[in-house]
Amino acid sequence: MLRFRLSTTLLLAATCSLMKAEKATTCGSNWNVQHLSCDDGVISVQTALYGRADNVTCSEGRPPAQLANTNCSQAGTVDVLKKRCDGKRECELNIHVFCTSDPCKRTYKYLETTYTCLPAIHLDACEGSLAQLQCGNIYFYILHLWWIDVINIITFSMHQTSKSSLHCCLLHLANCTTCSSFCLTDQGQVIFVYGADYGRRDQTTCIYQRPPKAIQNIYCSRPTGKVADSCNGKNSCTIAASNSVFGDPCVGTYKYLEVAYTCDCKYLKGPFGCSLWDSHKKNSQRR
């Protein structure tokens with residue numbers, strides 16, 4: 001048993017420290033590369049702009065005429081970033097990807113991305129093997145919250161410790177103002193997939209006794225939603241890392257399945273009948 005006393009300040013600090021927003025800005029010369037990374041966790045893209053929103057960013061050495069239009073943005077930019085980067089620890093994107101159309105001619109543009117780093121479990125499954133996603137049971141009782149002032153958290157035990165489980169409960173309570181006697185039920189934890197890719201992005205994963213030509217192509221990776229479709233909301237899930245499931249993005253290359261997921265508390269019940277998992281499902285359906 002662990003006993004904690006957390007003030008409102010500490011509660012909010014714990015939540016915000018896990019969700020701190022990062023920003024990356026890449027000026028729009030052809031072939032410039034934007035690099036996103038998380039030291040702890042995986043990328044979750046929040047906003048992205050390809051265009052120009054002010055006359056200061058990426059303005060050095062540029063004539064005023066190229067900076068005048070500050071209402072310039074290319075539609076669909078955030079969708080491109082989310083598809084390529086969500087659920088990864090690192091992500092690189094060449095800015096020429098956005099040069100297929102020009103949202104504002106004669107304006108010098110830039111790519112600006114804001115993202116957060118979400119706590120996640122990483123799993124690599126070599127081609128021909130099974131990826132097994134597993135979450136444990138959690139029993140977590142939170143009692144007596146007086147106007148978000150002092151919290152007694154008692155009787156905290158986990159079959160599988162998960163930082164994200166603590167985070168989701170703190171995040172929910174941080175949004176309340178007059179809560180009391182909350183209880184996370186013993187329904188266990190469920191899988192929520194941040195992202196999955198099938199292919200190859202390096203020459204160090206799944207290489208044992210493989211010929212060099214089979215691991216040479218590191219630009220062979222295809223994002224897939226099949227893992228999320230199969231596993232979200234379940235306590236455990238098994239899926240084959242194979243061409244028959246995901247298709248073959250690069251013939252002749254030995255591939256692997258990368259998955260980033262978290263174990264979320266399934267239900268958080270209280271006087272308002274809150275359900276955290278239902279909230280997660282609604283958010284994911286909007287994407």
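The side chains of Lys255 and Glu127 come together in a salt bridge, with 3.8 Å from N to O; the term stands here for a side-chain nitrogen of Lys or Arg within 4 Å of a carboxyl oxygen of Asp or Glu. The model is a predicted one, in which local features need pLDDT of at least 70 and side-chain atom pairs count only at pLDDT 80 or more, while totals for chains, interfaces and linings use all residues. Residues are numbered from 1 along each chain as its sequence is written, and side-chain values use heavy atoms, with hydrogens and water left out.

Back to the opening pair, which links distant parts of the chain: Lys255 sits in the loop between α5 (243-246) and β16, and Glu127 in the loop between β8 (121-126) and β9, 128 residues apart. Helices (H or I, at least four residues) and strands (E, at least two) are DSSP runs, numbered from the N terminus. Lys255 is buried at 1% relative accessibility, whereas Glu127 is partly exposed at 22%. For these labels, buried means under 20% relative accessible area, exposed over 50%, and partly exposed in between, with a 1.4 Å probe and protein chains only. Lys255 also forms a salt bridge with Asp248, the closest N and O atoms being 3.1 Å apart, and Asp248 is partly exposed at 30% relative accessibility. Glu127, Asp248 and Lys255 are thus linked in a network of salt bridges.

The structure holds 6 salt bridges. Another one of them joins Asp102 to Lys109, with 3.0 Å between the closest N and O atoms. Here, too, the carboxylate partner, Asp102, is partly exposed, at 38% relative accessibility, and Lys109 is buried, with a relative accessible area of 9%.

Attention turns next to the hydrophobic interior. A nonpolar core is taken as a set of buried Ala, Val, Leu, Ile, Met, Phe, Trp, Tyr and Cys residues joined through side-chain atoms within 4.5 Å. The largest such core has 19 residues, of which Leu133, Ile191, Val193, Val227, Leu257, Val259 and Tyr261 touch the most other members. At least two residues of this core come from each of β9 (130-134), β13 (189-200), α4 (226-231), β15 (236-240) and β16 (256-265). Another core, of 16 residues, lies apart from it and includes Leu36, Val45, Cys91 and Ile95. Within the largest core, Val259 offers a helpful local view: leaving aside neighbours within four places in sequence, Val259 is in contact (heavy atoms within 4.5 Å) with Ile121, His122, Leu123, Leu133, Val193, Gly195, Ala196 and Val227.

Disulfides, defined as pairs of cysteine sulfur atoms within 2.5 Å, come to a count of 8. One of them joins Cys135 to Cys263, with an S to S distance of 2.1 Å. The torsion about this S-S bond is about -90 degrees, so the link of Cys135 and Cys263 is left-handed. Cys135 lies in the loop between β9 and β10 (138-145) and Cys263 in strand β16, so the disulfide ties together parts that are 128 residues apart in sequence. Both Cys135 and Cys263 are buried.

A further disulfide connects Cys38 and Cys117, with 2.1 Å from S to S, and is left-handed, with -90 degrees about the S-S bond. This pair also links distant parts of the chain, as Cys38 is in the loop between β3 (33-37) and β4 (42-52), Cys117 is in strand β7, and 79 residues separate them. Cys38 is buried at 8% relative accessibility, and Cys117 is buried at 14%. In the disulfide of Cys231 and Cys237, the sulfur atoms are 2.0 Å apart, and the link is left-handed with -60 degrees about the S-S bond. Cys231 is buried, with a relative accessible area of 0%, and Cys237 is buried at 8%.

Finally, two backbone torsions deserve a look. Most residues other than glycine have a negative phi. Arg106, by contrast, has a positive phi, near 65 degrees. Arg106 is found in the loop between β6 (90-94) and β7 (110-118) and is exposed, with a relative accessible area of 72%. Cys206 likewise has a positive phi, near 55 degrees. Cys206 belongs to the loop between β13 and β14 (220-223) and, unlike the exposed Arg106, counts as buried, at 13% relative accessibility.
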